[in-house]
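Trainee: Hi! Could you walk me through how the chains fit together in this one?
Mentor: Happy to, let's pull it up.
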There are 4 protein chains.
Amino acid sequence: MALMKAAVFIEKNRIVLDEKPIPNIGPLDALIRITSTTICGTDVHILRGEYLVAKGLTVGHEPVGVIEKLGSQVQGFHEGQRVIAGAITPSGHSNACLCGCASQDGVGTPHGFKAIGGWKFGNIIDGCQAEYVRVPDAMANLSPIPDPLSDEQVLMCPDIMSTGFSGAERGGVTVGDTVAVFALGPIGLCAVAGARLLGATTIIGVDTVAARIGVARRLGIDHVVDFKQGNVVEQIMTLTGGRGVDVAIEALGTQATFEGALRVLRPGGTLSSLGVYSADLHIPLGAFAAGLGDYRIVTTLCPGGKERMRRLMAVIASGRVDVSPLVTHRFRLDDIEAAYALFANQRDGVMKVAITP
Amino acid sequence: MALMKAAVFIEKNRIVLDEKPIPNIGPLDALIRITSTTICGTDVHILRGEYLVAKGLTVGHEPVGVIEKLGSQVQGFHEGQRVIAGAITPSGHSNACLCGCASQDGVGTPHGFKAIGGWKFGNIIDGCQAEYVRVPDAMANLSPIPDPLSDEQVLMCPDIMSTGFSGAERGGVTVGDTVAVFALGPIGLCAVAGARLLGATTIIGVDTVAARIGVARRLGIDHVVDFKQGNVVEQIMTLTGGRGVDVAIEALGTQATFEGALRVLRPGGTLSSLGVYSADLHIPLGAFAAGLGDYRIVTTLCPGGKERMRRLMAVIASGRVDVSPLVTHRFRLDDIEAAYALFANQRDGVMKVAITP
Amino acid sequence: MALMKAAVFIEKNRIVLDEKPIPNIGPLDALIRITSTTICGTDVHILRGEYLVAKGLTVGHEPVGVIEKLGSQVQGFHEGQRVIAGAITPSGHSNACLCGCASQDGVGTPHGFKAIGGWKFGNIIDGCQAEYVRVPDAMANLSPIPDPLSDEQVLMCPDIMSTGFSGAERGGVTVGDTVAVFALGPIGLCAVAGARLLGATTIIGVDTVAARIGVARRLGIDHVVDFKQGNVVEQIMTLTGGRGVDVAIEALGTQATFEGALRVLRPGGTLSSLGVYSADLHIPLGAFAAGLGDYRIVTTLCPGGKERMRRLMAVIASGRVDVSPLVTHRFRLDDIEAAYALFANQRDGVMKVAITP
Amino acid sequence: MALMKAAVFIEKNRIVLDEKPIPNIGPLDALIRITSTTICGTDVHILRGEYLVAKGLTVGHEPVGVIEKLGSQVQGFHEGQRVIAGAITPSGHSNACLCGCASQDGVGTPHGFKAIGGWKFGNIIDGCQAEYVRVPDAMANLSPIPDPLSDEQVLMCPDIMSTGFSGAERGGVTVGDTVAVFALGPIGLCAVAGARLLGATTIIGVDTVAARIGVARRLGIDHVVDFKQGNVVEQIMTLTGGRGVDVAIEALGTQATFEGALRVLRPGGTLSSLGVYSADLHIPLGAFAAGLGDYRIVTTLCPGGKERMRRLMAVIASGRVDVSPLVTHRFRLDDIEAAYALFANQRDGVMKVAITP
């Protein structure tokens, strides 16, 4: 039985590089040889024991690689093809998938819906911080990489680009909108790019870290609000002449950013929440206009599936958006523990790391 | 100067019938002689001092009447015409109106948006619990009553039908949906009718009052969940085979109903909130799926304007919906103080009262 | 090798009952024992050689039956379960499926789209006017029948209810709309039911056959326009006070109905076309307002997939819509040639026939 | 009575500069002193007698200027303010306006809708190729010019930017779409900019004029298809690997461009038509997939109103789109007859002319 290297969750605060068997695949699966992957903030939650996964699970959900082997029923692909798959791998055939809610794929449940059910890699099945990964429902999830694009160019597509863009899409950003993005980490930066791609004309970024703000400017923010320089809500209301923003995108997962995003909405505006929260939220009566403000609050889990990936890679290939500045550090898979140490502690200005087996 | 009778807010716990001058009208206004009106839960908030209006203001925002006089610039209507106007009277020409958010009409603000700005009657201008009312921006707001309809048949259109229906509309109810409506007061009952009108096939009503449940059955609920008979969330999850509901409509304005509505959503479902809240809200982390459930929370203020009113009266005229069982009591305007006493204390099984000058 | 009876296309004007092997199934398929099916207008086009299929193909695309056998990879169902499948059987995993356009499923094409590609039964694979049918992509397509419903109650779901309803859905019918339905055959009758289900308040049916008009009245039309009693466009413009209709649904597939539907639209209205055309169409300049009328023309192929079927059966189960009057005649599979003779010639007031093996 | 200069339609092939009284204004109007305007293709149709207007009417519908005088009921603006108004000037209070269809504004009709009813300037009231223009419903239509923007920078907003962008918006262009734009005149060029602004990643422009193609490249096209170099449909199908385009925008108004746009759609795609047609259209059966392709055809008249203008000027101010290359020639109002001669005959590489009184 052939072995491979894989980053494995052992226990709280311990993800280690270990040897595991190369996965077997079933008739609908594909085996991908990973050529690039990365670490996500969610992996850090797993590392810290804040999000529970099974001991022994291979972590990671952002695969770039080459098709090593196809299941007997998989058509439309060939071995040796360069592909990505999304962090979320919908089956395509659950009720959730068939009514436009693929991230909440509930295959195996009696009714076809399951919260976060589309997130499988590094959550309920082995993930891709490894030499190989098994991709379930391969026909719905493998997306060929356009020839001219490098691994690193498409490395953000599986998760943070899809998630960040969805913040703008589900928020309903449209031509001429004013948008505020709360927190300019990787997701927030991609939300900036997405808001710009959809026609927002005034984008306000909220953060304080110079390097992030620098990347945000390249991706499309028009104004910076530094939360260390005064009250964020007041600064945004001043910038918008007292009107507020059409869409506020929350990209951190805290009470402060959620509440700030709500308070800066114009009447009838939308709070688009992308953060993963770790505590209850509080909605002040006034910020909610007592329920009479025609506000919308939408939350979104990363959209996946091969058509989504195809479209995101088309964005990269077109040159409309360049997320390459997000990759600040590069590691071999052999050094992934060092990569975790750097990334989890946000040392050395790290935004995203590229991991190559 | 001709005088008229009007229900006037004097101070906390005192709304009295008084004499006031018949309103003057400007070039864009209309003067309506009221033939029927009603009392809303919001008026009770005003009575109790929970929602502040100016002392001396005429209250009431649900006008049915006859055009007595038209402003010099008003075209397309004639004196003597039977009309209604919505509780919300958008100008038609603010930025909010022109981008599809008319209830948040901000005429007079530099940017054209104002929270709850479209609600004028009995809020920032004299209302319609009186013999006459001035309707601002008459061309955008007067809606002729189709001949065969009586005053009482259209009396719910200006506010509760428009609000209740919007709970289903903004919630995105579609063919085959399962919908739960939390609280079967007048707004909740209209939300039931709206959900049914839009194709919901399983409607679950949450309440405990037999009379309300009886009306709800006639308007379209398929199941009743009595909150006195056990945990509401558990009952609804059992009824739906563990799936949850596509849309939950909150129609009361409390933490319990809001939280219940959130907890019964299927992954990817929508909480459509209609209630007027009087305290901060709390969102439990689990109920919110940590931000990853693809949930939407939408809040809606009653849609107004003449086209909305025309459509609601078309619903009544078509016989698709019969809201007449909602009117349980009738009073002369002279007896409006007694009507308030009955309605504010929810005595004698009252749902809505009809007031006729 | 076990044999079964099946209605087979031999050549133009010859569909005969023949013996064929019971289908073999692959890992993703299901074998359904048919308990009820029906004949569609499209089958008549096939019979007449107007729509070409392979000689020897089993025809029919509206299956109601019992799961006889499941492919090795099919989960979530069990043998003996009563199920239907839609006329259109999307794979769930093509690009078309994954971007919300499942009827144009292009599995096997390089890009994942194919016109009418989701229609397989009786078109590119053997259909269901037989004792058994193989259902491809079973997990995406099998939909369990709710217990209390009979075969005949759900027999319209696979095609004409789905198609007819989609005419109203894709047309954007909303509360208070005025809708005209051109031709009250089975599809048009279901469009009437769909328009009513979505909140239309004035529904005008265009036809001349008394029996159809009678059923249409039960399903929701408010006015009849008889094309033998004068100019259809003029009659509808008179009925609507010169305004025209919000949505016109074309349900026949001719120049006359298409053009009439276009001419009765209010400015900004939608023509929702369901008909299968057999000749080029002509758009008069005036009817098109020279391109400046903000009109929309949408065409729709029957939506399929198990979630769609689940929702349509929920409509039936709820009692909101009763399409049972559409089944006017019943035949044994053994007599299917007689059924074709009756149906193809529209004899004896036939609307739909039920066929039972 | 003070006089002004104005370009007046006299008869077929004669638009002349004449003297007319400066317009009087009513309570809801504004008088604008024109500082810049332009000539539209529609004006050429008027010149040629292909679109009929009253003899003696002042033509032109793209006003940039300064508020000279406000009607007695107009609030929220002040004299001396720099403003634009859209080519289409909705009232804000018709039923069409109140249901989101403002371009078909039917003030004065019994039902509130009228085809092309929102187009007033130079159509049913005096236009703006003059020293002064009366703006009706000023509160809904005046939009202040942001300080840093010059007249010429905002000169395309009233019509061609609004129209061109709407081709992409109403076509539903979304992230990763492939879009073809048929004809790269001023409207088509703005459609390119709009498609790019909304996230299209592959934009194909169809034309043959080098200067237009050059501007199109700057505005966002990725590929050019020259109709003189072969069959347009074949070229586009080759470019898209046989898939076709998600959205095809027609920007000329001919059978050839309309039919080409239809033929290049992927199954489920949208034809967004902007052209003003002058003859009947023909839809070949195959191009229409016999009605089964899930195609949509949408037509759009230029959206107007002050909120639309505000958003378009925000696009310009943000630097996202630069339409200044479209203005190729400049004339004094005194020389407008020469401007017409140049523009109507498309001499000297003209795209748009700027006219300054």
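Trainee: Which strand of chain B does β13 of chain A pair with, and how do the two run?
Mentor: Strand β13 (residues 281-283) of chain A is joined to β13(B) by 3 bridges, and the two run antiparallel. Keep in mind that this is a predicted model.
Trainee: And what stands opposite A:Ile283?
Mentor: That's B:Leu281, in β13(B).
Trainee: Okay, zooming out: how many residues does each chain bring to the contact?
Mentor: Chain B gives 42 residues and chain A gives 42 residues. On the chain B side, β12 (265-273), β13 (281-283) and β14 (296-299) each supply at least two of the residues that touch chain A.
Trainee: What's the mix by class on that side?
Mentor: The side of chain B that touches chain A has 22 nonpolar residues, 14 polar and 6 charged.
Trainee: Switching topic: how does β15 of chain B run relative to β16, parallel or antiparallel?
Mentor: Parallel: 5 bridges join β15 (residues 327-332) to β16 (residues 352-356), both in chain B. B:Phe331, for instance, has B:Ile355 in β16(B) as its bridge partner. Between β15(B) and β16(B) the chain passes through helix α11 (residues 336-344) of chain B, making a right-handed β-α-β crossover.
Trainee: Last one: what turn lays chain A on chain C?
Mentor: A turn of 180°, with a shift of 0.0 Å along the axis and an RMSD of 0.0 Å. So the relation is that of a two-fold axis.
Trainee: Which C-alpha of chain A is nearest the axis?
Mentor: The one of A:Gly92, 2.2 Å from the axis. Both copies use the same surface, too: 100% of the contact residues of chain A recur in chain C.

Note on methods: Residues numbered from 1 in each chain as written. Chains lettered and ligands numbered in written order. Predicted model: local features only at pLDDT ≥ 70, side-chain atom pairs only at ≥ 80, totals over all residues. Contact = placed C-beta atoms within 7 Å. Helix = DSSP H or I, 4+ residues; strand = E, 2+ residues; numbered from the N terminus. Nonpolar A, V, L, I, M, F, W, Y, C, P; charged D, E, K, R; others polar. Pairing = 2+ DSSP bridges. Right-handed = clockwise from strand over helix to strand, strands pointing away. Least-squares fit on C-alpha atoms with pLDDT ≥ 70 in both.
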